[in-house]
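Pull up the model and get it turning on your screen. Let's walk through how its pieces pack together.

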Amino acid sequence: MRGVLVTKNDKDISATLQDIDEQQLPEGNVTVRVHWSSFNYKDVLAITGKMPVIRSYPMVPGIDLAGVVESSDDDRYQVGQEVLVTGYGIGEAHWGGYAELARVPGDWLVPLPEGLTMRQSMAIGTAGFTAMLCVMALERGGVTPDQGPILVTGAGGGVGSVAIGLLSKLGYEVAAVSGRPEAADYLKELGASEVLPRSEFSEAGKPLGKERWAAAVDVVGSHTLANICASTKYDGIVTACGLAGGMEFPATVAPFILRGVTLVGIDSVQCKQPRRSEAWQRLVEDLDLAKLETMTNEIQLDDVIETAKNWGQSDHRGRVVVAVQS
Ligand code: NDP
């Protein structure tokens with residue numbers, strides 16, 4: 001099978017597209033012919049070695065995959081069935097989606113939701129699934145559209161773009177935060193009503209500021225997350241799902257103990273059932289597929305390594321799907 005393999009030699013991490021012996025596929029009771037994968041921030045880290053996300057080498061990266069069951073020892077999955085996998089450590093601890101075949105435990109599979117093609121499911125991918133988990137957390141916290149704007153950071157990226165699309169379709173007013181002023185038209189087309197500069201949030205701020213947001217979806221972390229908490233309205237909900245700006249959280253407890261703000265952590269990787277199925281069902285219902293297409297770019301397996309190396313410098317917006325079969 002053709003695939004991307006990341007290897008480690010002493011401290012040197014390198015990724016190559018090569019023919020891989022199928023006998024090397026990892027343990028699992030379902031083998032999937034992978035048709036589509038996607039590109040996520042974590043895949044960049046895995047391929048470039050910028051952060052140690054890979055836990056054993058050699059590794060086929062790719063934290064998402066969609067394909068057709070090739071063989072199955074799991075009664076729930078039949079040969080020819082369309083399935084997808086996001087998370088569970090694929091592309092990090094278990095071979096992932098950037099190869100023509102994958103083998104996984106049946107427990108990790110999700111039947112392709114009715115109403116989505118395999119390509120669309122990967123246009124959503126881990127990033128879109130995570131955006132949905134954030135929206136569901138706001139809803140669980142009782143946030144409704146009449147309470148005020150929802151702030152979305154890293155708006156031009158995968159999680160941010162899908163979050164804007166979802167929230168605007170659900171009737172929320174969305175304020176987008178982006179470091180790219182030239183992305184403003186794109187973000188407004190997705191449904192943002194205003195676009196704020198990243199610099200407004202990225203420096204150390206006061207423990208409490210003016211109450212502005214009913215809720216927030218934050219992919220940035222660090223000072224940005226602290227400043228968002230400090231400017232969220234009484235009883236508001238802040239979802240933290242990313243670290244694009246840093247892992248640290250230099251905040252005070254003031255927003256939590258004086259305004260009842262709730263900080264909700266979001267993890268897509270080990271997200272349990274039935275929430276996992278619910279999120280996919282909600283994506284079918286609440287994501288405008290025409291908007292999803294406008295935020296999606298397509299690359300081939302041959303382009304994956306170059307895409308990872310250029311990620312920070314390129315002007316990519318939204319989501320990237322990977323066509324795996326040549
Ligand atoms: P992308 O690379 O697609 O988007 C990230 C966006 O963040 C960029 O497009 C940019 O948006 C903004 N950004 C980049 N660097 C910085 C910076 N230094 N400071 C502030 N903003 C920055 O990534 P994803 O959307 O796929 O993922 C976003 C984050 O969420 C990542 O940290 C990722 O690891 C995390 N994540 C977490 C998951 C979970 O389960 N918790 C699942 C999926 C992702 P703009 O140019 O518009 O400012």
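Look for Ala 175, which stands opposite Glu 194 in strand 10. Keep in mind that this is a predicted model. Ala 175 falls within strand 9 (residues 174-178), and 4 bridges join that strand to strand 10, the two running parallel.

Now zoom out to the sheet around that pair. There are 6 strands in an open sheet, ordered 10-9-8-11-12-13 and paired in parallel. At the edges you'll find strand 10 (194-197) and strand 13 (262-265), each with pairing on one side only. Going from one strand to the next, the twist averages 20°.

Next, the helices. Helix 2 lies across strand 8 (150-152), strand 11 (213-218), strand 12 (232-240) and strand 13, and it runs at about 150° to strand 12. Helix 5 (residues 222-230) also packs on the sheet, touching strands 8, 11, 12 and 13, with its direction at about 155° to that of strand 12.

What about the nonpolar side chains? In soluble globular proteins, they tend to be buried together. Here, the largest nonpolar core has 56 residues, and Ile 164 and Leu 167 have the most contacts inside it. Helix 2 (residues 118-140) gives the most to this core, with 14 residues. Domain 1 (2-112 + 295-323) and domain 2 (125-265) both contribute residues, so the core lies between them.

Click on Leu 167 for a closer look: leaving aside residues up to four places away in sequence, it touches Val 135, Leu 138, Ile 150, Val 152, Tyr 172, Val 174 and Val 217. There's also a second, separate core of 43 residues, including Ala 15, Ile 54, Tyr 98 and Ala 99.

Terms used: Residues are numbered from 1 along each chain as its sequence is written. This is a predicted model: local features need pLDDT of at least 70, side-chain atom pairs count only at pLDDT 80 or more; totals for chains, interfaces and linings use all residues. Side-chain values use heavy atoms; hydrogens and water are left out. A nonpolar core is a set of buried Ala, Val, Leu, Ile, Met, Phe, Trp, Tyr and Cys residues joined through side-chain atoms within 4.5 Å. Buried means under 20% relative accessible area, exposed over 50%, partly exposed in between (1.4 Å probe, protein chains only). Domain bounds come from an automatic or database domain assignment. Contact means heavy atoms within 4.5 Å. Two strands pair if DSSP finds at least two bridges between them. Axes are lines fitted to C-alpha atoms, for helices over the stretch in contact, and angles run from 0 to 180 degrees between N-to-C directions.
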